[in-house]
Protein chains: 2
Amino acid sequence: MGMETRTKQPDSRTRLLNAALHTLRAKGYNATRVEDLCAVAGVTKGSFFHHFRSKDELALAAIAHWDELTGGLFAAAAYHALEDPRERLLAYLDLRSELLAGELPEYTCLAGMLTQETYLTKPELTDACERSISGHAASLVADIEAAMQRYGVEDGWTAESLALHTQAVLQGAFILAKARGEAALAAESIAHLRRYIMLLFRDRT
Amino acid sequence: MGMETRTKQPDSRTRLLNAALHTLRAKGYNATRVEDLCAVAGVTKGSFFHHFRSKDELALAAIAHWDELTGGLFAAAAYHALEDPRERLLAYLDLRSELLAGELPEYTCLAGMLTQETYLTKPELTDACERSISGHAASLVADIEAAMQRYGVEDGWTAESLALHTQAVLQGAFILAKARGEAALAAESIAHLRRYIMLLFRDRT
DNA sequence: GTTACTATACCGATCAGTGGGTATGGTGTC
DNA sequence: GACACCATACCCACTGATCGGTATAGTAAC
């Protein structure tokens with residue numbers, strides 16, 4: 001799986017994982033049949049069970065795949081070069097806003113979706129989702145801490161809690177957007193979060 | 001057995017709806033079997049299909065039941081008597097925080113949960129969820145508008161968008177709480193939202 | 001008798017997972 | 001080069017269990 005030649009088509013395993021990212025986010029875990037994924041990936045069920053021992057195991061692999069993709073996306077983002085940590089946070093939110101441009105199931109969070117559906121029924125999956133969300137939140141903590149220091153915030157809340165709050169807002173925004181069927185709603189929620197962060201980290205002139 | 005049947009227990013239909021509120025929020029729509037609900041409600045499948053034509057119809061009825069219960073709860077809350085609309089909003093959030101005291105699947109939002117799972121697969125259910133969430137959000141708009149006026153806010157955002165944002169935060173907080181398995185997380189997100197509202201509606205002395 | 005409700009046995013569709021098979025490509029041996 | 005050998009990847013037909021829904025028979029109350 002390491003160094004692969006630059007073929008036009010990814011291999012079956014990757015195609016199944018990509019199909020999973022798309023379909024799981026659109027229809028959820030239980031409503032997605034193994035054969036749906038096979039159809040999207042253009043393989044047969046035999047191939048599916050050659051690569052994954054079970055549907056659960058595919059979901060686990062899909063979350064790992066998701067972490068890899070999104071981790072890369074945000075790690076490579078340009079805003080890390082900004083000098084002011086507050087600006088880095090705001091730029092992060094702006095990027096999240098920009099990502100809303102695609103189709104709805106494409107910008108939604110896989111981990112958030114699966115958390116709801118697997119809670120109490122599939123502990124390993126819930127755990128994997130938790131690690132995914134918490135890991136992403138953790139990547140914001142350093143910037144938040146730096147901003148707190150720079151802007152002299154001592155308000156009885158922790159950097160971790162604000163990092164998790166940003167993720168909560170995003171997750172909630174996705175639900176609202178799904179309910180209403182419009183991405184604009186999610187954008188407005190992110191705008192409110194952006195305003196909150198600007199109010200928290202104010203220039204004390 | 002005959003004489004004991006006439007207890008103060010709610011009728012079968014209501015017991016099924018209550019079972020649905022509990023079980024659907026805990027396990028989701030697809031993972032909840034009709035017979036699970038029957039077991040919790042203490043009735044048989046025959047009774048279930050006497051009261052509801054299908055599982056979908058039950059879910060619809062459960063959302064209506066949910067709207068009734070929560071609508072009553074918030075309509076009857078004491079804080080509506082407060083004079084300052086900002087204080088009414090803050091008190092609303094405090095009430096939401098207090099409700100987190102119960103077991104996790106008990107304070108979660110049924111509509112938010114079902115939205116995710118029925119998106120693209122059960123349009124009528126998604127619509128019902130949308131109406132439920134939007135309706136609840138709408139009940140906050142008057143107070144937000146009054147607060148905007150009283151505190152002289154003219155910031156390029158609407159009362160509706162802030163109302164929906166509060167719901168987004170709550171929905172997201174529930175997901176995080178489920179992922180981590182602790183209600184405290186949801187409380188912290190609500191605290192951030194509370195702080196945001198206090199920063200928006202500031203006394204300009 | 002009729003209406004409202006409950007119970008039980010069953011049907012039919014669905015779908016995760018299996019088993020048995022083929023195709024391809026690599027490797028060692030003579 | 002030809003051969004056997006083996007591993008990986010893949011396909012198709014099937015199965016066994018699950019579960020929404022139905023058919024039907026009953027009971028209680030007016």
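## The surface near DNA strand C

Around DNA strand C, the nearby residues split into two nonpolar, eight polar and three charged. This is a predicted model, so read what follows as computed from it. There are 13 residues surrounding DNA strand C, and the closest are Arg33(A), Lys45(A), Lys55(A), Ser12(B) and Ser47(B). Of the atoms of DNA strand C that come within 4 Å of the protein, 51% are sugar and phosphate.

Both chains join in with polar side-chain atoms. On chain A, an N or O atom in the side chain of Lys45(A) sits 2.8 Å from a base oxygen of DNA strand C. On chain B, Ser47(B) puts a polar side-chain atom 2.8 Å from a phosphate oxygen, and the side chain of Thr44(B) has an N or O atom 3.3 Å from a phosphate oxygen. The elements giving two or more residues to this surface are H3 of chain A and H3 of chain B, with H3(B) supplying the largest share, four residues.

## The surface near DNA strand D

Over at DNA strand D, there are 14 residues around the strand, and Ser12(A), His51(A), Arg33(B), Lys45(B) and Lys55(B) come nearest. By class, that's three nonpolar, eight polar and three charged. Sugar or phosphate makes up 56% of the strand's atoms within 4 Å of the protein, and bases make up the rest.

Two phosphate contacts are worth pointing out here: a polar side-chain atom of Ser12(A) lies 2.6 Å from a phosphate oxygen of DNA strand D, and an N or O atom in the side chain of Arg33(B) is 2.8 Å from a phosphate oxygen. Lys45(B) goes for a base instead, with a polar side-chain atom 2.5 Å from a base oxygen. Helix H3 (45-51) of chain A and helix H3 (45-51) of chain B are the elements that give two or more residues to this surface; H3(A) gives the most, with four residues.

## Chain B against chain A

As for the two protein chains, 44 residues of chain B are in contact with 44 residues of chain A. About 4100 Å² is buried between them, and carbon and sulfur atoms give 68% of that. On the chain B side, Gln116(B), Tyr119(B) and His192(B) lose the most area to chain A, together 17% of what that side buries.

## Helix H4 of chain B

Helix H4 of chain B covers residues 55-75, and its length checks out: at 1.5 Å a residue, its 21 residues should span 30 Å, and the end C-alpha atoms are indeed 30 Å apart.

Its buried residues include Leu58(B), Ile63(B), Trp66(B) and Phe74(B). Among the elements covering the buried residues of H4(B) are helix H1 (12-27), helix H5 (85-99) and helix H8 (123-150) of chain B.

Definitions and conventions
Residues numbered from 1 in each chain as written. Chains lettered and ligands numbered in written order. Predicted model: local features only at pLDDT ≥ 70, side-chain atom pairs only at ≥ 80, totals over all residues. Heavy atoms only, no water. Near = heavy atom within 4 Å. Polar contact = N/O pair within 3.5 Å; in protein donor to acceptor, adjacent residues only side chain to side chain. Nonpolar A, V, L, I, M, F, W, Y, C, P; charged D, E, K, R; others polar. Expected span 1.5 Å × (residues − 1). Buried < 20%, exposed > 50% of the residue type's maximum accessible area, 1.4 Å probe, protein only. Contact = heavy atoms within 4.5 Å. Buried area = accessible area lost by both parts, 1.4 Å probe.
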